[in-house]
4 protein chains.
Amino acid sequence: MALQVVSKVEVPELVEKRRGQILKAAIELYGRQGYHVTTIREVAHRAKVSVGLIYQYVADKEDVLFLALVEVLDSYLREIPLALEGLTDPMERFCAAVHAYGRVIDARIDATLLVYRETKSLGRPRRELLKAREIQSNQLISDAIEACVRAGLFDAVDVEMLTYMIVMFCHAWALKSWRFRGRLTIDAYLDRGLKLMLEPVVTPSGRRGFLAVASRPAAAPGPATKARKPRRPA
Amino acid sequence: MALQVVSKVEVPELVEKRRGQILKAAIELYGRQGYHVTTIREVAHRAKVSVGLIYQYVADKEDVLFLALVEVLDSYLREIPLALEGLTDPMERFCAAVHAYGRVIDARIDATLLVYRETKSLGRPRRELLKAREIQSNQLISDAIEACVRAGLFDAVDVEMLTYMIVMFCHAWALKSWRFRGRLTIDAYLDRGLKLMLEPVVTPSGRRGFLAVASRPAAAPGPATKARKPRRPA
Amino acid sequence: MALQVVSKVEVPELVEKRRGQILKAAIELYGRQGYHVTTIREVAHRAKVSVGLIYQYVADKEDVLFLALVEVLDSYLREIPLALEGLTDPMERFCAAVHAYGRVIDARIDATLLVYRETKSLGRPRRELLKAREIQSNQLISDAIEACVRAGLFDAVDVEMLTYMIVMFCHAWALKSWRFRGRLTIDAYLDRGLKLMLEPVVTPSGRRGFLAVASRPAAAPGPATKARKPRRPA
Amino acid sequence: MALQVVSKVEVPELVEKRRGQILKAAIELYGRQGYHVTTIREVAHRAKVSVGLIYQYVADKEDVLFLALVEVLDSYLREIPLALEGLTDPMERFCAAVHAYGRVIDARIDATLLVYRETKSLGRPRRELLKAREIQSNQLISDAIEACVRAGLFDAVDVEMLTYMIVMFCHAWALKSWRFRGRLTIDAYLDRGLKLMLEPVVTPSGRRGFLAVASRPAAAPGPATKARKPRRPA
DNA sequence: GATGAATGAGCGTTCATTCAT
DNA sequence: GATGAATGAACGCTCATTCAT
């Protein structure tokens with residue numbers, strides 16, 4: 001199938017390791033310079049392997065792009081659940097999810113833009129697979145929203161639309177990074193946005209929890225955010 | 001300067017006409033297939049001119065991209081003021097501006113995505129020029145917001161942030177068109193979004209006007225929106 | 001015939017005038033940058049005419065080269081007899097001829113090199129024509145030599161070989177101009193060379209005349225030679 | 001530096017071998033047709049390699065020209081010392097040097113002309129390097145002259161001027177090959193020229209040696225000269 | 001007669017991909 | 001499994017030449 005990326009090498013650990021090297025290099029280079037402008041030679045060089053080796057783990061230059069984009073999307077899918085571990089309060093979980101999402105994006109702005117810029121360079125079926133991955137991320141957010149609704153913390157809302165707006169707002173941090181970067185931390189940015197978006201949604205009973213969560217210092221800073229300014233309560 | 005695109009032909013009308021042909025073809029092709037994948041030969045062919053002719057009006061392939069992106073951004077700057085002509089009520093003007101913005105985007109989804117995808121392929125100074133163009137569009141929206149604030153229709157708000165959210169929301173129609181396209185018209189999409197975003201912002205006195213404007217059928221459908229389904233009141 | 005350069009314009013004075021403009025520009029540009037590197041556009045620009053005009057007086061880019069080379073060679077054929085006018089003494093005529101030759105070359109070093117560099121770019125028959133022109137120049141020199149021989153001023157010599165050496169010596173001023181230029185004037189250069197070459201050739205009776213002619217200051221400096229240092233008698 | 005020609009392949013033997021192939025083809029083609037008229041494809045074809053391969057050993061077309069010209073000049077520098085090996089008599093060495101020079105030129109007339117025709121196509125620094133190479137060749141000749149002077153075989157002469165004349169005379173064999181080729185061998189040509197040029201220079205004591213050397217049949221014909229006619233003693 | 005916009009063949013160069021070692 | 005030299009299709013771009021005005 002066009003979806004499969006075939007490797008001439010069989011040993012799974014080797015495939016994992018080599019592809020890891022290659023993709024790391026590729027994501028950096030594609031993210032910085034763009035996919036089409038980056039040559040396989042450059043990727044090989046940066047990954048400290050030979051050109052030939054790449055073609056043992058991948059059939060195509062396009063395969064590299066595909067794997068790279070999948071890897072970026074997967075990193076979102078790994079990070080968000082990680083941030084949720086141990087949290088039980090729905091409001092807390094919701095906020096944690098959004099912040100986790102924002103932070104992965106902030107940590108890899110170029111990679112995020114890469115997804116936006118180069119998804120179209122892929123064939124139809126692979127684009128669909130990527131879309132599915134994105135929907136999975138969204139699901140993590142909308143699950144958190146629905147939990148809040150069920151817990152009576154949010155009004156009954158158009159969950160899909162709200163999810164969509166939140167996700168777009170997170171992505172916008174990367175898409176328009178020149179606008180707020182340097183002036184705001186990702187966390188401050190998210191809090192301001194959430195407050196605006198949730199105002200009409202949070203129930204009176206949810207409001208306390210929301211305020212508490214939103215205004216407390218970020219629980220786990222993570223390596224993603226370098227500077228952190230005190231968030232000013234709206 | 002790197003910003004200037006020089007033409008070997010002097011006659012301004014000819015430059016206008018030929019560049020028009022070339023850019024139309026380029027925007028279509030770049031929008032559909034991507035910039036790097038599209039050859040100058042393809043552009044020439046689609047514009048029904050010879051390869052050589054393109055190079056009489058442009059110094060290199062990157063110039064074509066630059067002019068294409070400028071043209072797309074300029075079309076926004078042309079359309080929004082057009083939609084405002086004759087309108088005096090601030091609320092009406094605000095809504096008209098947003099809907100006009102949304103409609104140009106809807107009319108040229110691929111072109112909008114093109115801007116997102118390929119701006120990075122340009123050199124620094126040209127990227128800055130494009131950013132300036134975008135800020136001009138945003139200004140049109142934020143002016144409309146401020147007028148509403150002055151008229152007491154909106155609360156005093158963080159105008160910059162609100163503008164930003166609205167703009168991103170419009171762009172999102174293109175960026176995530178697969179999500180709502182076919183299920184919603186651009187106007188319905190905008191109304192739903194605006195309602196969500198403005199809820200905490202509109203003053204009681206503004207509310208009547210807002211509802212009136214937002215729920216009436218789109219005044220001038222324009223050529224942008226093909227299908228139009230009745231908007232369901234939220 | 002391939003030798004003919006056809007003009008679309010009939011009026012001979014016009015052809016003369018226009019070709020003059022074109023060739024002046026062409027010789028300058030070809031001489032400085034080389035024939036292949038120079039575009040017809042550049043020639044047109046420098047000649048202050050349009051590209052199209054050139055093609056009314058010439059069929060080909062190669063035609064321009066051909067005419068240019070002919071013009072250079074013809075200028076030699078014009079200058080040498082001019083310098084001989086009024087002179088009757090064979091020895092004087094001989095020296096005048098050589099110096100005249102040297103001076104045209106000095107005056108148009110680039111043009112002379114052009115002939116060496118680009119003759120091969122022409123088709124066979126035209127190359128032959130050029131060769132014939134060169135032989136005509138040589139004839140002027142060898143005629144002068146033979147007159148000296150007949151007058152008993154030179155021994156009976158291998159006239160052909162001597163002519164050849166003198167001609168090459170003149171050309172060498174252009175071919176290796178970096179070697180003596182600035183250190184010697186063309187006249188000093190010629191005198192030194194002639195003395196060396198003629199030593200075994202001049203008869204005792206010729207010697208007085210030779211010394212007299214060779215060591216007197218150049219009769220007509222001409223515009224060609226800028227600096228002029230007193231020739232040191234060998 | 002602009003002087004260096006960089007190769008993407010590191011292995012020195014391979015570089016040597018491949019460049020050898022490429023340059024052989026290039027010198028032949030450039031020599032026959034001219035540099036600008038010859039395409040890289042033609043060179044590749046004649047060298048029996050692919051176009052791409054050339055660009056692994058050279059950065060651009062101009063590099064090929066540069067290496068070609070250097071190779072031609074170097075072949076002079078290799079051949080002359082070779083012809084001197086084992087010879088001790090200054091007069092013998094002088095004649096051997098000149099004949100060796102003449103023979104390499106005769107063996108590669110087109111290559112010699114190539115140097116004259118295309119040196120100007122190179123950038124300044126490379127042109128200087130070539131000039132330096134030529135001066136090295138000249139040095140070999142002038143060293144031989146000076147040895148003769150020291151041995152009392154030549155009068156004290158303007159060594160520089162004499163060297164220059166001899167060198168030009170050798171080059172002239174190529175530059176004006178149409179004149180004597182077929183009628184004279186290179187050796188006969190050289191002997192005649194030398195006799196003329198050296199007449200006023202050779203001392204009585206040197207004369208015997210000179211005549212002996214000059215009129216004996218060429219010691220080592222070498223592969224350079226194909227036809228050989230008996231030299232007629234002057 | 002003169003112009004210069006338009007054409008398109010053809011060149012230099014790149015780079016994804018292969019395959020002998 | 002890994003290497004990197006070799007290939008050649010294909011692209012961006014130039015420029016001699018034409019021809020409508």
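This dialogue reads the protein surfaces around two DNA strands and one helix pair in a predicted model.

Trainee: What ground rules apply here?

Mentor: The model is predicted, so local features need pLDDT of at least 70 and side-chain atom pairs count only at pLDDT 80 or more, while totals for chains, interfaces and linings use all residues. Residues are numbered from 1 along each chain as its sequence is written, chains are lettered from A and ligands numbered from 1 in the order in which they are written, and side-chain values use heavy atoms, with hydrogens and water left out.

Trainee: Which residues come nearest to DNA strand F?

Mentor: A residue is near a strand if one of its heavy atoms lies within 4 Å of it. Around DNA strand F there are 35 residues, and the nearest are Val9(A), Arg18(A), Tyr55(B), Arg18(D) and Tyr57(D). Of the strand F atoms within 4 Å of the protein, 69% belong to sugar or phosphate and the rest to bases.

Trainee: Which polar contacts reach strand F?

Mentor: A polar contact is a pair of N or O atoms within 3.5 Å; within protein, one must be able to donate a hydrogen and the other to accept it, and residues adjacent in sequence count only if both atoms are side-chain atoms. Ser50(A) places a polar side-chain atom 3.1 Å from a phosphate oxygen of DNA strand F. Arg41(B) has a polar side-chain atom 3.1 Å from a base nitrogen of DNA strand F.

Trainee: And strand E?

Mentor: DNA strand E is surrounded by 35 residues, with Arg18(B), Tyr57(B), Val9(C), Arg18(C) and Tyr55(D) the closest. Here a backbone N or O atom of Ile40(A) lies 2.8 Å from a phosphate oxygen of DNA strand E. A polar side-chain atom of Tyr57(C) lies 2.7 Å from a phosphate oxygen of DNA strand E.

Trainee: How do I read a helix pair?

Mentor: Two packed helices are described by the angle between their axes and the distance between the axes. Helices are DSSP runs (H or I, at least four residues), numbered from the N terminus. Axes are lines fitted to C-alpha atoms over the stretch in contact, and angles run from 0 to 180 degrees between N-to-C directions. In chain D, the axes of α6 (residues 109-118) and α8 (residues 159-175) come within 8 Å and cross at roughly 105 degrees. Therefore α6(D) is roughly perpendicular to α8(D) (65 to 115 degrees).

Trainee: Which residues make the contact?

Mentor: Contact means heavy atoms within 4.5 Å. From α6(D) come Ile109(D), Thr112(D), Leu113(D) and Tyr116(D). From α8(D) come Met168(D), His171(D), Trp173(D), Ala174(D) and Leu175(D).

Terms used:
Helices (H or I, at least four residues) and strands (E, at least two) are DSSP runs, numbered from the N terminus. Angles under 35 degrees count as roughly parallel, over 145 as roughly antiparallel, 65 to 115 as roughly perpendicular and the rest as oblique.
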